[in-house]
Each structure stands twice: as structure tokens, then as C-alpha cells.
Amino acid sequence: MNFRNTLEFAREMDAQDPLAQFRNRFYMPQKDGKDCIYLCGNSLGLQPKSVREKIEQELIDWQNLGVEGHFHGKNPWFSYHHFLSKETANLVGAKESEVVVMNSLSVNLNLLMLSFYTPTTSRNKILVEAGAFPSDYYAVEQIIKMKGFDPNECMVECKPKAGQHTLETADILQQIEDLGDSLALVMFGGVNYYTGQYFDLKSITTAGHQVGANVGFDLAHAAGNLPMQLHDWNVDFATWCSYKYLNSGPGGTSGVFIHERHGNNPDLPRLAGWWGHDEKTRFLMKKGFKPQEGAAGWQMSNAQIFPMAIHKASLEIFEEAGLNNLRQKSVLLTGFLEFLIDAANKEKELGFEIITPRNPIERGCQISLLTKANGKELFNQLTEKGVIADWREPNVIRVAPVPLYNSFEDVFTFVALLTQ
Ligand SMILES: *Cc1c(COP(=O)(O)O)cnc(C)c1O
């Protein structure tokens, strides 16, 4: 694509964009009576207008039916998680039985590691990406301690080469091979939240399996951002939140993937509760846990209907737009952002550095911009002008043009404000 550095060009791109109408399905935050330039969907996605009706339906059933809503509501609460399976499976390239929506992300990360990190005296290491999200570090440290090992020894970080910001796939694979049969688990982000680097999940999974380790991913920044094929790639497990690219509201519910070869294994260690028990005998209220087959067998509590209703509204929009279509637009939109920043940077010697990989295959819709000493000041000025982006200490501005609701004009206006 030959981008041009003009507002007219941005408007032409918007006029040709088959997904442009999806912007109207969302509420755009306002400042001084005008739409903000919202580039923060990697932190909190916008509210779909269809959410209100979805919640209303459950409020009405609760109001009119009380407890009977479990079986006689329009969307019976007893089965509610099933209503999300198809869309969730499509989102990550899984079979319906391999996914379930439950709890929240950090909780699920802990639950899944209890099942998939079973260290021995010789095989006890967990490989994480350096600069992982703090929640992931904490969960990994604690699970190692809980199993009686020392995090200083057993948590191994995969670090970029000196002077680089991101990892090279070859180095990740080499480190996995080097750890060999001391490696129990690879626990990586799908997209690193800080740099925006999208890892080669398929190769990492294959390499992990070659040395006999389990491989799991935290897909907080990948779900709804990039098409994935978790089943075909043989990933052991994954989990993600729904409030970033998946637009399902603050603290929204989380998705879980467990490959079918594990999902049907009742002997894997796991915590349990009545909602993971065989649905046919759940209400016999007897002792003796018999997990459902598939990811659903990891559920513990009864379904959280309101966050799930919000999530349902959002997943329907993803189905309609199509993840591959979104990805196509995303590559252009992020490429346009990169092009405009590069052009202004060169012309005005602004000294910005893009630390996100340049290759579109290694990123989703985020660009992380390393700023000079006055970065925070610059960021505050942008906020004053109605731009909502994200500041990360010590000096990074993260910008995420989201293909569902951002336009090429948003991107153009943002870079004009950033570099004026
Ligand atoms: C956003 C994010 C989290 C947050 O977890 P919650 O339990 O939903 O608060 C965890 N890990 C990563 C990688 C994230 O990006």
C-alpha cells in the first residue's frame, strides 16, 4: 500500500473501508461536546450500543421470573455459558468444547497453571517473556512457591538481545531447546502489552512440546486483535480478558482455552466446584466430583450472567464483522500510523522511536512509541486536546488504532496533534 501523508488520503481510505459502519455500533467518549480520538482499545474497549438491551433482557427475566430464570428465562441462566461457545471458539481457532467463559483473567491464569505446571525435582522451570505483565509474573512466582520450589531458580526470563526492545523468535526457540528437560512450562503473553510484539505462538508451542514441556499463553492483548488457531497449533491452554480488544466492559469476564487432549482427561489436577461437574447430575447434589468434558469442566461457580450478557453483545459484533476482515483493516490502519509517525519524525527530527516490531506479522494493532525526556508533558498535552491513548512509565506512549471503531482520519488527526 502506498500511503500518502494527507487528510484527503485518510478520508479516501475511510470511504473505501467496508468496516467503516461498525464505528456507529459503539459509543465514542466525548470531550467538550466532541468525539475524542480514542486509541486506547488495548486497555479498555468501547461500549457497544447493543449492550444495554442484552443486560435489560436479563434484568427483565430476573424481575419477572426470579429463580425460575435459571430454566425459563429467554436465555436460561443454567446454560448461559453455552450461548458464548461458538463465537468464543471462532475467536481463537478452537472447537466449542475447548473453550469456556468464566471468572477473570488472573484467576484463570492461576487455575490453569495449577493444572499444567506439575514440577518434579528435575523438570521444574517456567519460561516467561521478560517484561511480562505484572499479574503474570506474580502468578508464576506464587505457583512455583506453592509447589515447593524457588522462583529465583525456576522462573526463567526470555530477554531481548542487548540494545533491543523485542525478542527474536529464533532466540526464544533456542532458549526452550537449551532448557530442555528442565523446562516444565512455557507461559508467554500472546502479544506483549508493553512493546506490542506478537509472538510466533505456533513455533513456540512446537518447540515447547519437543522438550516435553506444556505451553500456555496469556492472550489478553491478542484475543480480538489477531486471528489464531489454538487447536491446530496444539497449544495446551490459554486465557484472556474480554475488556480490552473484546469491548466487554471494565473487569469483564474471561475466556479459557484447553486443548481437547487435556480437556477430556479427568485426572489432571484442578480445583473444582459444582458448575464444572457433569451437568446431568449437578442438581443431585451428591459428593464425588465428575468433571464435564472439555474446558467447561474447569468451571467452579455458576455463571456470571451480567458480564456474560455484555460479552455476548460484543462477540456478536465480532462474528458479524469477521476477524479476518478486521485483521486486514488493522494491518492497513497500523501501517498508516507507522508511516505517518516515521514521516513526521524524519521531517521534524522529533526523536521518537517505535519499539513495536516493524513487520506486520509480529504485531497487532498497537504501536509503542518511545519518547524523549518530555514524553509525559507531550502525552498530557494530547489528553488536553481530546486524545485518549496510554502512558507507560518511564517513557512510552501506547497507541492502538482498533479496526472496529477507529478510522484512518482518527489516525491522521492523532499524528498531526502528536507532531505539531
Ligand atoms: C490486562 C492484563 C491482565 C489483567 O488481568 P485481570 O485479571 O483481568 O485484571 C493480565 N495479564 C495481561 C498480560 C494483561 O494484559
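Glutamine 381 is partly exposed in this predicted model. Its relative accessible area is 38%. That value falls between the cut-offs of 20% for buried and 50% for exposed, so the label is partly exposed. Glutamine 381 sits in helix H13, which spans residues 375-384. Valine 191 is 190 residues away from glutamine 381 in sequence. In space, the two C-alpha atoms are 28 Å apart.

Arginine 363 is another case. Is arginine 363 buried or exposed? Arginine 363 is buried, because its relative accessible area is 2% and the limit for buried is under 20%. This arginine belongs to a loop. Strand E11 (353-354) lies on one side of that loop in sequence, and strand E12 (367-370) on the other. Leaving aside residues up to four places away in sequence, arginine 363 touches Gly196, Tyr198, Leu226, Arg327 and Thr334. Gly335, Glu338, Thr356, Pro357 and Arg358 are also among its contacts.

Next comes the nonpolar interior. In soluble globular proteins, nonpolar side chains tend to be buried together. Here the largest nonpolar core has 64 residues. Which of them touch the most other members? They are Phe188 and Leu404. Helix H11 (residues 305-321) gives the most to this core, with seven residues. Two domains take part: domain 1 (7-35 + 323-418) and domain 2 (54-320) each supply at least three residues.

Leucine 404 has contacts with Phe22, Arg23, Phe26 and Asn247. Its other contacts are Ile317, Phe318, Ala321 and Leu326, again not counting residues up to four places away in sequence. Apart from the largest core lies another core, of 30 residues. Its members include Ala10, Ile354, Leu369 and Val411.

The ligand has its own surroundings. Around it are Leu105, Ser106, Phe133, Ser135 and Asp136. Asp218, Ala220, His221, Tyr243 and Lys244 are there as well. Three side chains place a polar atom at these distances from an oxygen atom of the ligand:

| Residue | Distance to a ligand oxygen atom |
|---|---|
| Serine 106 | 2.7 Å |
| Histidine 221 | 3.1 Å |
| Lysine 244 | 2.5 Å |

How much of the ligand's accessible area does the protein cover? The protein covers 84% of the 390 Å² that the ligand has on its own. Helix H5 (105-116) and helix H6 (134-146) are the elements that give two or more residues to the shell around the ligand.

Notes:
Residues are numbered from 1 along each chain as its sequence is written. This is a predicted model: local features need pLDDT of at least 70, side-chain atom pairs count only at pLDDT 80 or more; totals for chains, interfaces and linings use all residues. Side-chain values use heavy atoms; hydrogens and water are left out. Helices (H or I, at least four residues) and strands (E, at least two) are DSSP runs, numbered from the N terminus. Buried means under 20% relative accessible area, exposed over 50%, partly exposed in between (1.4 Å probe, protein chains only). Contact means heavy atoms within 4.5 Å. A nonpolar core is a set of buried Ala, Val, Leu, Ile, Met, Phe, Trp, Tyr and Cys residues joined through side-chain atoms within 4.5 Å. Domain bounds come from an automatic or database domain assignment. A residue is near a molecule or strand if one of its heavy atoms lies within 4 Å of it. A polar contact is a pair of N or O atoms within 3.5 Å; within protein, one must be able to donate a hydrogen and the other to accept it, and residues adjacent in sequence count only if both atoms are side-chain atoms. Accessible areas come from the Shrake-Rupley method with a 1.4 Å probe; for residues, only the protein chains shown count as cover.
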